[in-house]
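Q: Hey, could you walk me through this structure? I'm new to this, so plain words please.

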Amino acid sequence: MLGLGQLSMSGGWTAYLCLASALTGLFGPAVAVKEHDFKKCDQAGFCKRNRAFADHVLANTAWESPYNILADSTSFKDGQLQATILKTINNAGETVRLPITVSFLESGTARVTVDEEKRQKGEIELRRDSKARKERYNEAEQWVIIGGLTLDKEAKVGYEDKTQITVQYGPESKFEATIKFAPFSIDFKRDGDTHIKLNDKGLLNMEHWRPNLEPSPAPEQKEGEESSSETESAETTAVQVPEAYPGEDQNTWWDESFGGNTDSKPRGPESVALDISFVGYDHIYGIPSHTGPLSLRQTRGGEGNFQEPYRMYNADVFEYILDSPMTLYGSIPFLQAHRKDSSVGIFWLNPAETWVDITKEKESKNPLALGIGSKTSTSTHWISETGLLDVFVFLGPTPQDLIRKYSELTGTTAMPQEFSLGYHQCRWNYVSDEDVKDVDRKMDKYHIPYDVIWLDIEYTDDKKYFTWDGHSFADPIGMGKQLESHGRQLVAIIDPHIKNVDGYKVSEELKSQKFAVNNKDGEIFEGWCWPGSSHWVDAFNAAARKWWATLFKYARFEGSMRNTWIWNDMNEPSVFNGPETTMPKDNLHYGNWEHRDLHNLNGLTFHNATFEALKSRETGELRRPFVLTRSFFAGSQRLGAMWTGDNQAAWDHLEGSIPMVLSQNIAGFPFSGADVGGFFGNPEKELLTRWYQAGAFYPFFRAHAHIDSRRREPYLAGEPYTSIITAALRLRYSLLPSWYTAFRQAYLTNEPVVKPMFYTHPNEEAGFAIDDQFFVGNTGLLAKPVTQKDKETVDIWIPDNEVYYDYFTYDIIPSSKGKTVTHDAPLNKIPLLMQGGHIFARRDRPRRSSTLMKWDDYTLVVTVGKDGKTAEGDLYVDDGDSYEFEKGQYIYRKFILDGDARTITSVDGEDRKKVKEGDWMKKMHQVTVDKIIIVGAPASWDKQEVSVESEGKTWTATLEYNPAGKGRAAFAVVKKVGAKIGADWKVSLA
């Protein structure tokens, strides 16, 4: 969904736009993102100040950071160091006390937290009698961190004197942190080598509280009374506070205006900034969501670099531009650095507006080496408007280690509803319940599989959520039942803005129970969004969340059913008449925290409230929710899926979607996708077709379109396009068992579902910047979607010496490690390779939806490795809906090809013999392995039958062998295997 400037003039909107006409000074028509509606760094006072501070520091070699640890304040106990940093604030030597805690965790992660004592104790004065909290925001941990904070009591002091302390920690004490006192800095080492430095360049800047005494109102003068003297007048003006450094601009310390809105900033300047250097690392990844390459660019200008820092300030950025550090809808401040053989990373736990500058510099031990042996180091400069300095440090050494340690803190991906991995059909808007049913019938008529159809805001009664338009959606139950009969689902949009109108019970309850966000004066905040005048649910309030859950009960949300799910849009939050199309920063949330303190968390809290509501919508029900969110933060992966927002029907947006989705995956939020076909505009048929082929490999696979775009359901494309799109959809559905298995792994470890080359092959430097191809889970499937017009070949980079087969033809790809191979990709073909050495599962029978595939038999595909002998893989299955898997009600199988023994076996992947089978597991006894395809089968498999052993019985199955020929690998097919998918079995050559 998009900003109000994008409203259509088409049917049904004319009356609504009469309301918008009253806001012409606020909203205007737009055809692309209005960059001037969103701040650049020099328009955000705290970013401008810290960038200028960095320029001053780096230009002055004699600069000394004013932050020093008071040596006598340090103490170390049970894996935690505590001390006080003194910040010198003027030439007279006055100081500010900043408590610091460095925690060494059992996981090998280190945490550095710095607070400000005066704010911490509430010993400050707020401007204009503000009701805001005085402390720096210290509750992000409650929303983001779910574990991993146990202290490493084995950590020990390795060295200490009056200038520094070194702590050894982590596995086998291989990690070290050297904390230097004057000036304060920390070196993090692994195996004796420095990998990460904090405040190495002296850019630490924690803006301490300072008073601002504004002029008091002049007393009313009586006739003939003389005015006050100049001296008396001067006493009422603002106190002059010493500069933090010579030349600092104090004009942005206090009130700050942008786009016609003024931020009162009752606590004054309070930003926190720090330089974090990655020694010897050239490539860094993460901090989504942004457009641009997976390997992040430098941000201080120069050829091929950005001029602006990467910004994280969740916002409603419609029709966003590509290749830009501009903020988008969600933020995950988790950054990874990678070089050959090593990965390290940091997590900046701060939900306030944050900017990150990136620069790189080459170092060489020998100045005459002319670059030989030189290494590149990357420096980052993190700047947040408010809050604590709270940073976690991960020393790797592998990309997998980083994801695992980060996820121990923030959680793993929610185990999804199985249907949610299928195809989702959406547009703004399906105009009636009959329209929905007609689309459903036509998808069946053309034999096009799909699982979910979506409703945007027009289904409601005058933009009132939890209601239905009485004319267009007069029979939502009838609509839901038709979908249910085909095993399909319905998703309805429900946003955080609640229409402010009399007689609307939801609005009346929200106001009467004080569950809404307040303005700076402590009164309920009123802004404008789709319904017009609106109030916003404050999901930081536990009582508000409990109330929110009641609204989703089947008995209360009349017309909803068990196959009704939810889409949370506009939850940045989007406020049409707010600064930067969002909420004023001096608004107050539950607990009187300012919105500025927690802005980037807002989407997560609303997503969480809906997620918890959907778990149980009637007595006795406990099901996995499906909730799509647009806005997110670290930890949102625990709650559902996200998408990349309001993209355009253009080739470059298709191309740009791949690195965006990969970035989400390596940042711990793999359930991600982009709007297939592009939200804005009308894609040409070639583009639409190629986008479906790419979308079939997004973890979240949804087509979506703007209300002004032409209808583009797959059956409308015409031939040959409809058939090609249908083939891409069927490919997705046939591979659903493998997608679901990949998501189970993400649930366990938060491993990416789609994996870039640097992640799977961390020693191959040529792959570090590649972001247009990826592996799917642990299947060995290597996909490279076509993302350019009129392209009928692609160049695929081969990362290793393993054999690769074409997925569709079984042709052996002539390849070698580190080289690219040109692969045919006519419009009717998806470039998809199979890496040797894997076994993955499919379900090959075409069905209308994933629900109807539930009891279908399986096909196993074995891709024989280069050695001609080995392959392995796995399969995870559960009921796809409940939480019974947490009680052991699932199937997990490991498949192994042993070329020497000439067998394929299935064994229990986990020791689960003591699990008592429930109803679902018993019913799975009827589901078998139908066939096994062995690609690259050696000549020893040239037989007519094989022996199958399982559960004490032995029988034979037909074997069909196809010798190699004309570039195609030999392959064999074992037919009608007949072994239960959940049982141990062995297939042997007779």
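What follows is a chat about a few parts of this model.

Q: Sure, what should I know before looking?
A: This is a predicted model, where local features need pLDDT of at least 70, side-chain atom pairs count only at pLDDT 80 or more, and totals for chains, interfaces and linings use all residues. Residues are numbered from 1 along each chain as its sequence is written, and side-chain values use heavy atoms, with hydrogens and water left out.

Q: Okay, how many disulfides does a search of the whole structure find?
A: One. A disulfide here is a pair of cysteine sulfur atoms within 2.5 Å. In chemical terms, it's a covalent bond between the sulfur atoms of two cysteines.

Q: Which cysteines form the disulfide?
A: Cys-41 and Cys-47, with their sulfur atoms 2.1 Å apart. The torsion about their S-S bond is about -100°, so the disulfide is left-handed.

Q: Are Cys-41 and Cys-47 buried or exposed?
A: Both are buried. Buried means under 20% relative accessible area, exposed means over 50%, and partly exposed is in between (1.4 Å probe, protein chains only).

Q: And why is there no bond for Cys-426?
A: The closest cysteine sulfur, in Cys-529, is 17 Å from the sulfur of Cys-426, which is too far for a bond. Cys-529 is in no disulfide either. Cys-426 counts as buried at 2% relative accessibility, and Cys-529 is buried too, with a relative accessible area of 1%.

Q: Back to Cys-47, what's the helix around there?
A: Cys-47 is one of the buried residues of H2, and others include Phe-46, Arg-49 and Phe-53. Helix H2 covers residues 45-59, so to speak a run of 15 residues. Helices (H or I, at least four residues) and strands (E, at least two) are DSSP runs, numbered from the N terminus.

Q: How far does H2 reach from its first C-alpha to its last?
A: H2 reaches 21 Å, close to the 21 Å expected at 1.5 Å a residue. The expected span is 1.5 Å times one less than the number of residues.

Q: What do the buried residues of H2 pack against?
A: They pack against strands E11 (205-206), E12 (256-258), E14 (272-278), E19 (354-363) and E20 (375-384). Contact means heavy atoms within 4.5 Å.

Q: New topic: which strands close into a barrel?
A: There are 10 strands, in the order E41-E42-E46-E49-E48-E47-E50-E45-E44-E43, and the pairing is mixed. The twist averages 20° from one strand to the next. Two strands pair if DSSP finds at least two bridges between them.

Q: What packs on that sheet?
A: Helix H16 (residues 736-749) does, touching E41, E42 (858-863), E43 and E44. The direction of H16 makes about 80° with that of E43. For these angles, axes are lines fitted to C-alpha atoms, for helices over the stretch in contact, and angles run from 0 to 180 degrees between N-to-C directions.

Q: Tell me about E43. Why is it largely enclosed?
A: Six of the eight residues of strand E43 (residues 870-877) are buried, so E43 is largely enclosed by the rest of the structure.

Q: How does E43 pair with E41 and E44?
A: E41 (residues 838-842) and E43 run parallel, joined by two bridges, and His-838 stands opposite Glu-872. With E44 (residues 891-898), E43 pairs in the antiparallel sense over eight bridges. Val-877 has Ile-891 as its bridge partner in E44.

Q: Last one, how many aromatic pairs are there?
A: A search of the whole structure finds 53. For example, the rings of Tyr-320 and Tyr-329 have centres 6.3 Å apart and planes at 75°, so that pair is edge-to-face. Rings of Phe, Tyr and Trp (its six-membered ring) pair if their centres lie within 6.5 Å; planes under 30 degrees apart count as stacked, over 60 as edge-to-face and the rest as tilted.

Q: Got a stacked one?
A: Yep, Trp-348 and Trp-382 are stacked, at 5.4 Å centre to centre with 25° between the planes. Trp-348 sits in strand E18 (residues 342-348) and Trp-382 in strand E20, 34 residues apart. Both Trp-348 and Trp-382 are buried.
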